[in-house]
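Colleague: Hey, got a minute to walk me through this one? I'd like to start with the charged side chains.
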Amino acid sequence: MRLHLVLVAFLLGATAAPMAADSRGDAKKQVEFGVNVAQRGLWREAIYRWERAVQIDPTYAAAQNNLAIAYEHEGDLEKARAAYEKALALDPNNAFIKQNYELFKEINDRSTRKDTQ
Amino acid sequence: MTGRLAKILSSLVAVFWIAGCSSYYEIPIETPIKPKLDVSAFQRVLVAGFIAGGTDDVDGNLETTRLLRSQLRTKSDLRVIDADVLPLMEAAAEDKAAPAEPVIANASTKDVKEPAIKDDKDLEQYEHLFADVNYWKKIGEEYQNPLIVTGTVMFTPSSRSGFVQREQEVFTATGQRRVVPVRTYQERKGYRLKPKFIFIDGRTGTTLHSETFTEEVLYNANQATPALSSYFELMDRLLPSFLNTLSSQKIKGTRVLLQ
């Protein structure tokens, strides 16, 4: 019985790892395509690709980071903030994400500050 | 054998990890920022003038009015009204709540009464004018109900001493050139600019929006930088934010895309 349980656990572990690798692989393809089109100025297509990437693999920090940049470029600052925060939560020590977020905050703070209205 | 295999595997993992981390691309972006104020009800804008204080080397009222008018002409859809700068100091002094007589500086050497606004506290005595709805409504009627831009401008000298970091070129024993950061104590002098921009509805005389900025520039004490040049340097920093109040702006920058 114990051997049986160990065998089941082993099989589950052995199949889960490739499945995770597959989803990251699929998400990575979407991210790569997104980077490619963003570099050619096709930001909407890039957003579609990166949104697909985070659907496939919600733990993919790079995809969240790129999505945040694209939202920022489109002027959707609320969505950009949320995506940057997710990216940072997933990869808190990534210097590139931190730098992108700091630059974003500078612009966002400038656009929202006021004394009275 | 197992140890060797483990070494090969770990170095392969390291290579893939580094390769994974190095997939980044710097990309230029333009972030569109929506205007803070809905000015669709106005076709024209009147930069009325400012209550200014601080150094006498720059006329904060005239320079700010001129600069904002020229910027609005080219960077906003509103038509800029060309008019004389309003005597806001006098208007504030005439108002009941204002000091009975403006403070006179250098009265013996100057013919005109020149109120001495040297700090924020002096300025406070005049700020009630911006809440005087009847005054601004009257101005609005005179110019056919435009959006009115006014406010205060404090431009004061500032100085601060402390350690600053600069880069110094050094040559090693082998003659190689290197640039190293060096911390030195320095006396620095410059200027501080604190404008408050107030946007008033010319139809009602009420304040729609106000915004205060503070910018400072410091130079090496030996460097003689004209006050007017410092004034423009500081205004240049905050103009995008001012313009963004009335019109949408695109802010250029770069970000890093990752894979």
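Colleague: So is R160(B) buried, exposed or something in between, and why?
Modeller: Bear in mind that this is a predicted model. R160(B) is partly exposed, because its relative accessible area is 42%, and buried would mean under 20% while exposed would mean over 50%.

Colleague: Okay, and which side chain does R160(B) meet in a salt bridge?
Modeller: That would be E216(B), with 2.3 Å from N to O.

Colleague: Where do those two sit in the chain?
Modeller: In distant parts of it: E216(B) is in strand β7 (residues 215-220) of chain B, and R160(B) is in strand β4 (residues 147-171) of chain B, 56 residues apart. E216(B) counts as partly exposed too, at 26% relative accessibility.

Colleague: Why would side chains like that pair up at all?
Modeller: Opposite charges can pair when the charged atoms come close.

Colleague: How many salt bridges are there over all chains?
Modeller: The count comes to 18. One of them is in chain A, where E45(A) and R49(A) have their closest N and O atoms 2.9 Å apart.

Colleague: How far apart are E45(A) and R49(A) along the helix?
Modeller: Four residues, in helix α2 (residues 43-56) of chain A, so about one helical turn separates them. E45(A) is partly exposed, at 30% relative accessibility.

Colleague: Back to chain B. What does E169(B) pair with?
Modeller: R177(B), in a salt bridge of 2.3 Å from N to O. E169(B) is partly exposed, with a relative accessible area of 43%. There's also a network of salt bridges that links E215(B), E233(B) and R237(B).

Colleague: Switching to strands: how do β4(B) and β5(B) pair, parallel or antiparallel?
Modeller: Antiparallel, over 25 bridges, with β5 covering residues 177-201 of chain B. For example, Q165(B) stands opposite R183(B) in β5(B).

Colleague: What's in the turn of that hairpin?
Modeller: There are five residues between the strands, and G175(B) takes a positive phi near 85 degrees.

Colleague: Which strand does β5(B) join through six bridges?
Modeller: β7(B), and the two run antiparallel. There, G190(B) is opposite L218(B) in β7(B).

Colleague: And how many bridges join β5(B) to β6(B)?
Modeller: Five, again in an antiparallel arrangement, with β6 spanning residues 207-212 of chain B. F197(B) has E211(B) as its bridge partner in β6(B). Those strands form a hairpin with five residues between them, and G205(B) in the turn has a positive phi of about 80 degrees.

Key. Residues numbered from 1 in each chain as written. Chains lettered and ligands numbered in written order. Predicted model: local features only at pLDDT ≥ 70, side-chain atom pairs only at ≥ 80, totals over all residues. Heavy atoms only, no water. Salt bridge = Lys/Arg side-chain N within 4 Å of Asp/Glu carboxyl O. Buried < 20%, exposed > 50% of the residue type's maximum accessible area, 1.4 Å probe, protein only. Pairing = 2+ DSSP bridges.
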